[in-house]
Amino acid sequence: MKKLTVSILQFPGTNCEYDTVYAFERLGYETKVLWHKEESLAEGTDLVVIPGGFSYGDYLRSGSIARFSPIIKAVQAYADAGGIVLGICNGFQILTEMGLLPGALKRNNNLHFISKHQMVKIINNDNAFLNQCKVGEVLDIPVAHADGNYYIDDAGFKELEENNQILLRYCDNEGNPTILNGSVEQIAGIRNKKGNIFGLMPHPERAMEFVLGSEDGVRMLKGFENT
Amino acid sequence: MKAIVNIYLKEGVLDTQGKATHHALDSLGFDSVSDVRIGKQIILEVDTKDKAEAEEQIKDMAETLLANTVIEDYTIEIV
């Protein structure tokens with residue numbers, strides 16, 4: 001089987017890029033970290049990951065300045081051509097700021113930075129990302145964010161539902177919806193309509209082995225093997 | 001020319017900072033306040049003498065970068 005090549009972006013203030021490298025290398029993927037001033041992705045890129053962190057210090061709005069970095073032009077072209085892009089946490093914020101994913105991430109309702117293990121429920125698995133997970137399955141994936149409160153207007157939400165674009169919802173151990181940060185309908189992750197852009201606030205790359213508290217992230221990230 | 005851009009969350013988008021501050025004012029006894037909204041103000045020094053031109057440029061800046069129009073509204077004031 002061909003080894004998948006993952007391009008992982010790095011902005012000033014990104015801090016999850018090497019966790020992301022570690023996670024994908026554990027799965028046997030080839031990884032390359034790309035500084036934001038680069039203008040092209042790694043040759044033969046099968047997946048672009050925009051990792052977590054605080055690009056540009058979260059100044060103005062989380063993700064708002066990173067989206068104008070040189071490397072983003074390459075990501076945009078890659079995405080337009082149908083390439084697969086995954087945004088984790090700050091990466092999700094950047095993808096909404098770019099307009100590649102609908103909605104926006106607001107300050108958490110309780111105004112706290114929330115950092116803890118969180119249960120999330122798989123809502124849709126018929127996609128390039130969560131195909132190794134079962135619908136209704138509950139996974140333990142850490143969250144760590146201040147601006148994770150997903151907002152979308154009613155019409156936008158309806159469209160997400162109709163097109164099976166909702167990937168994950170925050171829940172308790174039994175899978176009942178839990179209010180974590182104020183997200184519309186407890187949304188933790190979505191995809192675009194076309195099905196090649198994915199964004200989520202939880203950090204699967206931090207849940208790759210039992211010694212770290214959970215290995216549920218493995219099944220999430222392994223999904224890309226089938227693309 | 002100086003321009004002031006005020007950015008607020010749209011009506012209908014919950015302003016949690018405003019709400020928390022309102023609550024704090026209330027607990028301090030300032031009970032005449034019926035609503036608090038928190039936004040941000042960006043002050044720009046623009047190199048143009050033409051007011052209309054400045055407004056047009058700043059509108060473009062607001063739409064492109066300064067505001068996220070999915071959740072925010074903005075006003076532009078030239079002073």
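The following conversation asks why certain labels are used for parts of this structure.

Visitor: What kind of model is this, and how are its parts numbered?
Guide: This is a predicted model, in which local features need pLDDT of at least 70 and side-chain atom pairs count only at pLDDT 80 or more, while totals for chains, interfaces and linings use all residues. Residues are numbered from 1 along each chain as its sequence is written, and chains are lettered from A and ligands numbered from 1 in the order in which they are written.

Visitor: Why is A:Leu221 called buried or exposed?
Guide: A residue is buried if 20 or more other C-beta atoms, placed from the backbone, lie within 10 Å of its own, exposed if 12 or fewer, and partly exposed in between. A:Leu221 has 26 C-beta neighbours inside 10 Å and therefore counts as buried. A:Leu221 lies in helix H5 (residues 216–222) of chain A, where helices (H or I, at least four residues) and strands (E, at least two) are DSSP runs, numbered from the N terminus.

Visitor: Which class do A:Cys89 and A:Leu111 fall into, buried or exposed?
Guide: Because A:Cys89 has 29 C-beta neighbours inside 10 Å, it counts as buried. A:Leu111 has 12 such neighbours inside 10 Å, so A:Leu111 counts as exposed.

Visitor: What is notable about phi in A:Cys89?
Guide: Most residues other than glycine have a negative phi. In A:Cys89, which is not glycine, phi is positive, near 60 degrees, and this residue sits in the loop between strand E4 (84–88) and helix H3 (90–98) of chain A. A:Leu111 also has a positive phi, near 65 degrees, and is placed in the loop between strand E5 (104–106) and strand E6 (114–122) of chain A.

Visitor: What makes strands E2 and E3 of chain B edge strands?
Guide: Two strands pair if DSSP finds at least two bridges between them. In chain B, three strands form an open antiparallel sheet in the order E2-E1-E3. Strand E2 (40–45) and strand E3 (72–78) of chain B each have a single partner strand, so one side of each is left without a neighbour in the sheet.

Visitor: How do you know that E1 and E3 of chain B are paired?
Guide: Strand E1 (residues 2–9) of chain B and E3(B) are joined in the antiparallel sense by seven bridges, set against the required minimum of at least two, and B:Ile7 stands opposite B:Tyr74 in E3(B).
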